[in-house]
Every structure is written in structure tokens, then in C-alpha cells.
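Here are a few exercises to work through with the model open beside you. Try each task before you read its solution.

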Amino acid sequence: MVSFVRRSGRMNASQQRAWAGQSDFVVRVPVRSSSTSIAPDADVDWTAEFGRTAPLLVEIGGGTGHAIVAHAEAHPDVDHVVFEVHEPSAASTLGRMARHGVSNVRLVVADGVEGLTVLIGPRSLTELWTFFPDPWHKARHHKRRLVTTAFADLVASRLRPSGVWRLATDWADYADAMREVLDVHPGFENAHAGWAPRWPGRPLTKFEAKGLAAGRQVFDLCYRRRG
Ligand SMILES: C[S@@+](CC[C@H](N)C(=O)[O-])C[C@H]1O[C@@H](n2cnc3c(N)ncnc32)[C@H](O)[C@@H]1O
């Protein structure tokens, strides 16, 4: 079961310019049957890719890159990898990187679950972010949701001890489902007594604004990898 639906879409002129001009920041990986399906023997040497050894942060489904580019700009000492299946959004992230003069982000246009499995080594991440993952709010689609026990097992294996997983959603039942999975997962401890306070490092994106405008509440969660 794949956790995403590839959203093709035409790039606008500025996205096309960013895609062409900033392609050094796109990591192209060997693919399997579809263009977002990573070959199981694919490999990326992140130390070579960034030209240094630094703490590594991964975001899955970064959208247009608001959060990752802001963090990368504020933390030049941290390396950032974004998995995003929507090419025009990845291109917008590249454009945002250029506007902010940020070079410590790499984009992989591929499924983040496969990316985490194949391209990220065990115990190598200081942080993982899943902000506003697709809600799949119809009950019959819940099985497509990203945050499940199997995915939590994968994240636990990729985070370093004390590494942090930040999550946010504006769908109350998905937020509850995340808590149900993560509060009892042996690999994690809840960094807060329950819901996390809004993390100041998470800028307001159009997805969040849309949720708020529709009257939905936003839930932040934060879990720490047990040592
Ligand atoms: C609702 S949007 C949220 C975007 C961003 N995190 C934000 O807060 O604005 C979900 C994003 O995740 C991407 N996405 C969904 N499933 C994915 C997957 N399995 N791997 C990588 N990206 C995924 C979508 O293309 C979309 O950009």
C-alpha cells in the first residue's frame, strides 16, 4: 500500500525557473516501476551530498517548503532532506531556497516512506517532521494515512536516541489516531503531557490557514526517541 497519490500538475513559470536554476539541490535517485517509487538498492551518501558531516533532519511532505527553508536558514549547521511527491511544490521549495539564500536543503521527489526506508540509515536523524500529512478523512481511506504503527517503527529505527519527531494535523480524529499509535509505542516518549504546544519553528502554511478558516483546530505532537 502506498501512502500517497502522485499529484502531477503543471509548473508555473517561476516554478520552472526554480527547477532549472536550482537543480543542484534535487537528489535524483534510481526508481522502480513509477517515478516516485525508489529502487530498493538506491543509495545516497549524504555526507558527500552536503560536503560535510552535520546533524540530519528529514521532512516528509514538505509542501512548498515554508517550514524547512525557515529552519534551514535559522540553522545553517543542520542538513535538511525533504521528500515531496508533488513536483511543482518541490520546485516552489527550490525557489524559496534561492530567495532565502539557503543551500543546506536537498529535495527528493519521491515517496517519503520509501525514502526513509531506502535512503536514510538507521539511527541517523536528529529530527523528523510530518506536518499536515494528507488526512484521508473518509473512513474507507484511513488505511492510506501516513502515521501508523508500521511507520512509527520505521521512524523509530531512523532517529538517533533522543531524536525528535514533530507532527501536526488539523483533523481531530487523525490527531487522536496519532496519539493512540505513538503514546504506546515502545520506541517513543511523548515530550509533553499530551498535545504539544504549537512549535514556534513551524510557520503558518496555506494548509493550516485553510484548516483554521474552516473552523478546525490544529494539533501539534512531539515525541522523543527513547535511548
Ligand atoms: C496537506 S500537504 C501539507 C504540506 C506542508 N507540510 C504544510 O504543512 O504546508 C501534504 C503534502 O505531503 C505530500 N505528500 C503526501 N504523501 C507523501 C509521501 N508519501 N511522501 C512525500 N510527500 C507526500 C503532498 O504532496 C503534499 O505536498
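**Exercise 1: What covers helix α5?**

Find what packs over the buried residues of α5.

Step one: the cover includes β1 (56–60), β2 (79–83), β3 (105–108) and α6 (149–158). Helices here are DSSP runs of H or I with at least four residues, strands are E runs of at least two, and both are numbered from the N terminus. Contact means that two C-beta atoms, placed from the backbone, lie within 7 Å.

Step two: list the residues being covered. They are Gly112, Val113, Glu114, Gly115, Leu116 and Leu119. Buried means 20 or more other C-beta atoms within 10 Å of a residue's own, exposed means 12 or fewer, and partly exposed is in between, with C-beta atoms placed from the backbone.

Step three: six of the eight residues of α5 (residues 112–119) are buried, so the helix is largely enclosed by the rest of the structure.

A word on ground rules: this is a predicted model, where local features need pLDDT of at least 70 and side-chain atom pairs count only at pLDDT 80 or more, while totals for chains, interfaces and linings use all residues. Residues are numbered from 1 along each chain as its sequence is written.

**Exercise 2: The whole protein**

Work out how the radius of gyration of the protein fits the globule rule.

Start with the parts: the protein has eight helices and seven strands. Next, take the rule, 2.2 Å times the number of residues to the power 0.38, with the radius taken over C-alpha atoms. For 227 residues a compact globule would come out near 17 Å, and the protein has 17 Å, which agrees. Its C-alpha atoms fill a box of roughly 45 × 40 × 40 Å along the principal axes.

Then look inside: 41% of the 227 residues count as buried. Of the contacts between residues at least 6 apart in sequence, 77% join residues at least 24 apart.

**Exercise 3: The core**

Which residues have the most contacts inside the largest nonpolar core?

A nonpolar core is a set of buried Ala, Val, Leu, Ile, Met, Phe, Trp, Tyr and Cys residues joined through C-beta atoms within 7 Å. The largest one holds 53 residues, and the top scorers for contacts are Val58, Val105 and Leu107. Now pick Val105: setting aside neighbours within four places in sequence, Val105 contacts Phe25, Ile68, Val69, Ala72, His80, Val82 and Met97.

**Exercise 4: A helix pair**

Describe how α1 and α4 cross.

Two packed helices are described by the angle between their axes and the distance between the axes. The axes of α1 (residues 13–21) and α4 (residues 87–100) come within 8 Å and cross at roughly 70°. On the α1 side the contact uses Ser14, Gln15, Ala18, Trp19 and Gly21, and on the α4 side Pro88, Ala91, Ser92, Leu94, Gly95 and Ala98.

**Exercise 5: Two positive phi values**

Where do Trp136 and Ser162 lie?

Trp136 sits in the loop between β4 (125–131) and α6. Its phi is positive, about 45°, although Trp136 is not a glycine. Trp136 has 17 other C-beta atoms within 10 Å, so it is partly exposed.

Ser162 belongs to strand β5 (residues 159–169), and its phi is near 70°. With 11 C-beta neighbours inside 10 Å, Ser162 counts as exposed.

Technical notes:
Axes fitted to C-alpha atoms, helices over the stretch in contact; angles between N-to-C directions.
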